Amino acid sequence: MSSAQESAPKPSGKKKAASPAIRYPFWFGGSASSMAACVTHPLDLVKVRLQTRQGNAPKNMSGTFVHILKNDGVIGLYSGISASLMRQLTYSTVRFGVYEELKTRYERSGRSAGFPALTAMAVSSGFLGGIAGNFADVLNVRMQHDAALPAAERRNYKHAVDGMVRMARDEGLSSYFRGWLPNASRAAVMTAGQLATYDTFKRLLLEYTPLGDTLTTHFSASFLAGLAAATATSPIDVIKTRVMSSSQQQQGIAQSIREIYRAEGMGWMFKGWVPSFLRLGPHTICTFIFLEAHRKLYKKAKGIDDGQ
């Protein structure tokens, strides 16, 4: 045997060669999130109503749900759905698209993206997504909260486009950016809590359990990601909702926090956490299951080995 043959490294058989990262279409995340929003919109509506409740409105999730059904019927559970879809098509398209692009470029450079790197990418992507979808988020909160207001105070937007036009006409274009900082901050934390943790949990499940790249793995990883995201974003979510639903032009973040703390104590930070998780958990699960389905169909259409 020659010395060249003796010095050649022997395959260990323990690790597979890293497959090149696949660059999926930019819009996959927005499409998957929009599908998920159609499933979970009633839970999001209940969460907003609880966070902005006034007077004798129900104080819990079940009471709010029944109150909406009694007063507005089943269709009332989908109040503001057009704004919700517009939000996903802007906010989620940007945050998922930028995150996946950053991750793909990072992995194609030959480096493995660990949790700190994924978190940094997710925070940046989420912040950009929050800014891009802020106007739709303002509309979403207002349209969901509208039916809970006295008749004289309702805005009665017909749909998202009507709301956009009326906001610009009545309040100026600056209304599109109402609450943009807490919203973008929430989006940054949310994206880190969802995307970075999902990718991390999924990788851990694939490496340390007998589970393969299956629906069970996707469900488990997305459930854990939803739990992390709901807990991390709860305080920011409450502030964002209060600022966006307010009609006061100069209602700042610091002022909102002082007023909420004075009226409700430290408990405000997790007000609506249960409905928030019950909405965010299913939404996160649905989003990633739909996203994985998008990816599977894409690889099949492109003739890419599903093991990649």
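Reader: Which residue follows helix 4, and what is the sign of its phi?

Author: This is a predicted model, so let's read the backbone with that in mind. Just after helix 4 sits Gly 110. Its phi is near 95°, so the sign for Gly 110 is positive.

Reader: Does the length of helix 4 fit its residue count, or what end-to-end distance do we get?

Author: Helix 4 covers residues 81-108, which makes 28 residues. At 1.5 Å a residue, that should span 40 Å. The end C-alpha atoms agree with this, lying 38 Å apart.

Reader: Where does helix 4 bend?

Author: Helix 4 isn't quite straight: there is a bend of about 30° along the way. The residue at that bend is Ser 92.

Reader: Which helix gives the largest share of the largest nonpolar core?

Author: That core has 21 residues, and Tyr 99, Phe 288 and Leu 291 touch the most other members. Helices 2, 4, 5, 8, 9 and 11 each give two or more residues to it. The largest share is five residues, and it comes from helix 8.

Reader: What is Leu 291 in contact with, beyond its neighbours within four places in sequence?

Author: Leu 291 is among the core residues that touch the most other members. Setting those sequence neighbours aside, its contacts are Phe 28, Gly 29, Ala 32 and Phe 96.

Reader: How many helices and strands are there in the protein?

Author: From the N terminus on, the elements run α after α. The count is eleven helices and zero strands.

How values were computed
Residues are numbered from 1 along each chain as its sequence is written. This is a predicted model: local features need pLDDT of at least 70, side-chain atom pairs count only at pLDDT 80 or more; totals for chains, interfaces and linings use all residues. Side-chain values use heavy atoms; hydrogens and water are left out. Helices (H or I, at least four residues) and strands (E, at least two) are DSSP runs, numbered from the N terminus. The expected span of a helix is 1.5 Å times one less than its number of residues. The bend at a residue is the angle between axes fitted to the seven residues ending there and the seven starting there. A nonpolar core is a set of buried Ala, Val, Leu, Ile, Met, Phe, Trp, Tyr and Cys residues joined through side-chain atoms within 4.5 Å. Buried means under 20% relative accessible area, exposed over 50%, partly exposed in between (1.4 Å probe, protein chains only). Contact means heavy atoms within 4.5 Å.
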